[in-house]
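Trainee: Could you walk me through reading a fold from its coordinates? I'd like the general idea each time, then the case at hand.

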Amino acid sequence: MPHPDAATAALIAAATAVRDNAHVPYSGFKVGAAIRTADGAIHIGCNVENVAYPEGTCAEAGAIAAMCAAGARDILAVAVIADSPQPVSPCGGCRQKLAEFASGDTPVTLTTTDGAVLDTTVGALLPGAFDLDYMSRV
């Protein structure tokens, strides 16, 4: 089912394309992620497994690393896709990573290869995120 927002559809398309590049010889579970930054650029990542579990890298972390490597720091939107029965959510660590570069109301679109879509936000995925306010006495 197509997403009504063209910018979100482009983000999903980028995540879908990079998902094919995932290195998942152990689980077979390919994930693609795409993030749009304040400058309008889209940065992508896919999961990369390693035989020495848990040394792999999540798709979201890869997209964030690509964003930082490009010199960007502000996430405006996120899309994540996997071949799963329902939209796949970022793991807890990736939720915290997203919160480092996004506001609580940053939109996150979770989708499946079958076209199921769940729209949420970074704040809904990680209520009570650890942020700089906790370190105000340091």
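Mentor: Let's take the sheet, then the helices, then burial and the surface.

Mentor: Ground rules, quickly. This is a predicted model, so local features need pLDDT of at least 70 and side-chain atom pairs count only at pLDDT 80 or more, while totals for chains, interfaces and linings use all residues. Residues are numbered from 1 along each chain as its sequence is written, and side-chain values use heavy atoms, with hydrogens and water left out.

Trainee: In what order do the five strands form the sheet?

Mentor: Strands of a sheet pair through backbone hydrogen bonds, either parallel or antiparallel. Strands here are DSSP runs (E, at least two residues; helices are H or I, at least four), numbered from the N terminus, and two strands pair if DSSP finds at least two bridges between them. In this model the sheet is open, ordered β2-β1-β3-β4-β5, with mixed pairing. β2 (42–46) and β5 (117–121) each have a single partner strand, so they stand at the edges with one side lacking a neighbour in the sheet.

Trainee: Which strands run parallel, and which antiparallel?

Mentor: β3 (residues 75–82) and β4 (residues 107–112) run parallel, joined by five bridges; A82 stands opposite T112 in β4. β1 and β2 run antiparallel, also with five bridges, and R36 has I42 in β2 as its bridge partner. Those two strands make a hairpin with four residues between them, and G40 in the turn has a positive phi of about 90°.

Trainee: Which strands does helix α1 lie across?

Mentor: For angles, axes are lines fitted to C-alpha atoms (for helices, over the stretch in contact), and values run from 0 to 180 degrees between N-to-C directions. Helix α1 (residues 6–19) lies across β1 (31–37), β2, β3 and β4, at about 140° to β1. Helix α2 (residues 59–69) packs on the sheet too, touching β1, β2 and β3, and makes about 140° with the direction of β2.

Trainee: Is A33 buried or exposed?

Mentor: Buried means under 20% relative accessible area, exposed over 50%, and partly exposed in between (1.4 Å probe, protein chains only). A33 lies in strand β1 and is buried, at 1%. Counting contacts as heavy atoms within 4.5 Å, and skipping residues up to four places away in sequence, A33 touches residues including A15, V18, I44, A63 and V80.

Trainee: And what about L132, buried or exposed?

Mentor: L132 sits in the segment after α4 (122–125), and it counts as exposed because its relative accessibility is 69%.
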